[in-house]
Amino acid sequence: MEEFRRCYSRLCRESGAEPQEAVLQQLHQLPRGRLDLATQSLTVDTCRALGKLLPRETLCTELVLSDCMLNEEGATLLLRGLCANTVLRFLDLKGNNLRATGAEALGKLLQQNKSIQSLTLEWNNLGTWDDAFATFCGGLAANGTLQKLDLRNNQISHKGAEELALALKGNATLQQLDLRWNNIGLLGGRALMNCLPNNRTLWRLDLAGNNIPGDVLRAVEQAMGHNQDRLTTLKENHARTHVLSREVQHLREEKSKQFLDLMETIDKQREEMVKTSRASAAHIGQLQEALNERHSIINALKAKLQMTEAALALSEQKGQDLGELLATAEQEQLSLLQRQAKERRLEQQEAAERESKFLRDLSAANEKNLLLQNQVDELERKVKCQQEQLFQTRQELTSMSAQLKMQAIQAEERLDMEKRRSRQSLEDSESLRIKEVEHMSRHLEESERALQERVQRLEAMRLSLEEELSRVKAAALSERGQAEEELIKAKSQARLEEQQRLAHLEDKLRLLVQARDEAQGACLQQKQAVVEAQTRASQLGLQLEGLRRRLEELQEDLSHKDQERVAEVSRVRVELQEQNGRLQAELAAQEALREKVAALERQLKVMASDHREALLDRESENASLREKLRLREAEIARIRDEEAQRASFLQNAVLAYVQGSPVRNLSPPK
């Protein structure tokens, strides 16, 4: 960022302007990879310098320019510089009042830039001019990297929504689109709904605050649900293929290693067999000579043959012992099955705990909804209190008008009495009447001021209540969106974990089955080798006692190997059975979890629909209350005007009567 600061200062001085201190300070404090100039009033020279620097910047991946009061020229210079940038991923232009020129520049940016994935344009005026917004939508249709677009509060009409629908038909990368608080209406909502079957990537579309009917919103939500399910399945398939490719590669490597080891062992055994055959041939020649010379030793060799037969009987007995060992292994297998049943029960208990956790989350969401409903009820009670206050003010106005009429009648009676009096008291009566008229006019003015102040206070209270109601609505919508996002994330994560676990366990089971088959083949080969060695030993035992000893050693070695093989086979069988039991338990638990998740999804959809209907009812009631308030205010203004006219008429009549009376004409001047 230090190099960026120096380049920015140099470019500003070359253009004849001083660099902004606030911008330099922000550049000095910012972390690496993020340029945050939010709430900084950027001049045209600063925008020109940044537009020249950003195409060459290779470290900045996030650019935040929210609430910077950019004019059309500055925004155009910045966006023109971003067209050639290849590393920027996040761009925030919130609250800059971008209009026609800004919309066209944004369209060119979306056509030329190939790196921006998130674009925030909240609180601008892009939809005010249809031609400029059509250019922006054309750039969106041609873009191939943008994944998230925020267009809240942009004055987008139904024509702009139709242009957006055409852009969405051609766009294949946008995943999230926020259009809340615009003027889309019924026609724009239907256009967006009709374009969704042609778009397979958009899985989130927010249309709240656009005067769109509920059926259109439900159709849009259903389309978004289909796209989201399609996206999750694609992600799962990609993850599964990746895992399978890695497993296949690993299996190929292991198989190649095993094949090489097996070939090495086969070569060694062949060499040993050749050596033993050569040695046995030499020994046979010697034995032939010994037999010719020592024919008398045949009887002794027969006796030795009987001994070897006894040794063979012993080996058969060892085989029976091995069968007993297999029986014990089967018993151990039964005990392992019982253990697996216990583990299955434990897993079922864990699944029940997870289900209770989901139910607790649902109860918390229900409590939040109840709190929001209580807040709405409080706002309704406040509105009723305001209506009662308006009714009381109307009653006070009627009582004040009646009092004024009574005072006027009394004034007329006093005037009649004063006419009957003498000329001498005329001046006093005239002065008294003038004082009373002034007092009445002052009283009327004070009452009008008090009524005006009261009406102003009521209007202020009404505005505060409307703001509070809008805040409560926004909070309810945000909480509902967060709850839906959390539930969607939990479902997707559970599905991914289950499928990955199933694939991994299936691969392990297949590998274990192959290893078992290979071990059985090796055991058969070893048994055949033992039989061949026994036949050779019986033939050679007649000839040499040394060969008999060698045969006994070989038999002992073979028996040890057989025991090791049998133990290994039993261990592999036990592991396979354990794996099978665990897989079955996990499959049952996953099916139960899927059913519970489906039930929870149905409940959540029902609750969301009820909540939306309640919000729509509340909004209609608020609109009717506002209309009633407006009518009451118009009626109060009309009554106020009528009372003012009556007071002026009464005052003019009294003055005209006083000025035109004969007593005044005959009175001497003061």
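Is Arg 339 buried or exposed? In this predicted model, Arg 339 has a relative accessible area of 54% and is therefore classed as exposed, since that value lies over the 50% cut-off.

**Surface patches**

Arg 339 belongs to helix α10, which covers residues 298-420, and together with Lys 342, Arg 344 and Arg 345 this arginine makes up a positive patch on the surface. A patch of another kind, nonpolar and about 300 Å² in area, is built from Phe 259, Leu 260 and Met 263; of these residues, Leu 260 is placed in helix α9.

**Salt bridges**

The number of salt bridges in the model comes to 19. Three of the pairs are set out below, each with the N to O distance between the two side chains.

| Salt bridge | N to O distance |
|---|---|
| Asp 178 and Arg 180 | 2.8 Å |
| Arg 204 and Asp 206 | 3.4 Å |
| Glu 642 and Arg 638 | 2.9 Å |

The pair of Asp 178 and Arg 180 is part of a wider arrangement, for these two residues are linked with Glu 122, Asp 150 and Arg 152 in a network of salt bridges. Within that network, Asp 178 has a relative accessibility of 9% and so counts as buried, the limit for that class being under 20%. Arg 204, which pairs with Asp 206, has a relative accessible area of 28% and is partly exposed.

The bridge between Glu 642 and Arg 638 is found within a helix: because the two residues are four positions apart in helix α12, about one helical turn separates them. Both partners are partly exposed, Glu 642 with a relative accessible area of 30% and Arg 638 with 42%.

**A pair distant in sequence**

Helix α12, spanning residues 545-660, also contains Leu 616, a partly exposed residue with a relative accessible area of 47%. Although Leu 616 and Gly 214 are 402 residues apart along the chain, their C-alpha atoms are separated by 8.8 Å.

**Buried asparagines in loops**

Which backbone atoms does the side chain of Asn 210 contact? The side chain of Asn 210 comes to 3.0 Å from the backbone nitrogen of Asn 182, and a polar atom of the same side chain of Asn 210 is 3.2 Å from the backbone oxygen of Leu 207. Asn 210 itself sits in the loop that runs between strand β7 (204-206) and helix α9 (214-293), and with a relative accessibility of 1% this asparagine counts as buried.

Asn 85 is likewise a loop residue, located between helix α4 (72-82) and strand β3 (90-92). With a relative accessibility of 3%, Asn 85 falls under the 20% limit and is therefore counted as buried. The side chain of Asn 85 reaches the backbone nitrogen of Val 87, at a distance of 2.9 Å.

Terms used. Residues numbered from 1 in each chain as written. Predicted model: local features only at pLDDT ≥ 70, side-chain atom pairs only at ≥ 80, totals over all residues. Heavy atoms only, no water. Patch = residues over 30% accessible without salt bridge, like charges linked within 9 Å, V, L, I, M, F, W, Y side chains within 5 Å. Areas by Shrake-Rupley, 256 points an atom, 1.4 Å probe, with all protein chains shown as cover. Salt bridge = Lys/Arg side-chain N within 4 Å of Asp/Glu carboxyl O. Lys, Arg positive; Asp, Glu negative; His and termini not counted. Charge placed at Lys NZ, Arg CZ, Asp CG, Glu CD. Buried < 20%, exposed > 50% of the residue type's maximum accessible area, 1.4 Å probe, protein only. Polar contact = N/O pair within 3.5 Å; in protein donor to acceptor, adjacent residues only side chain to side chain.
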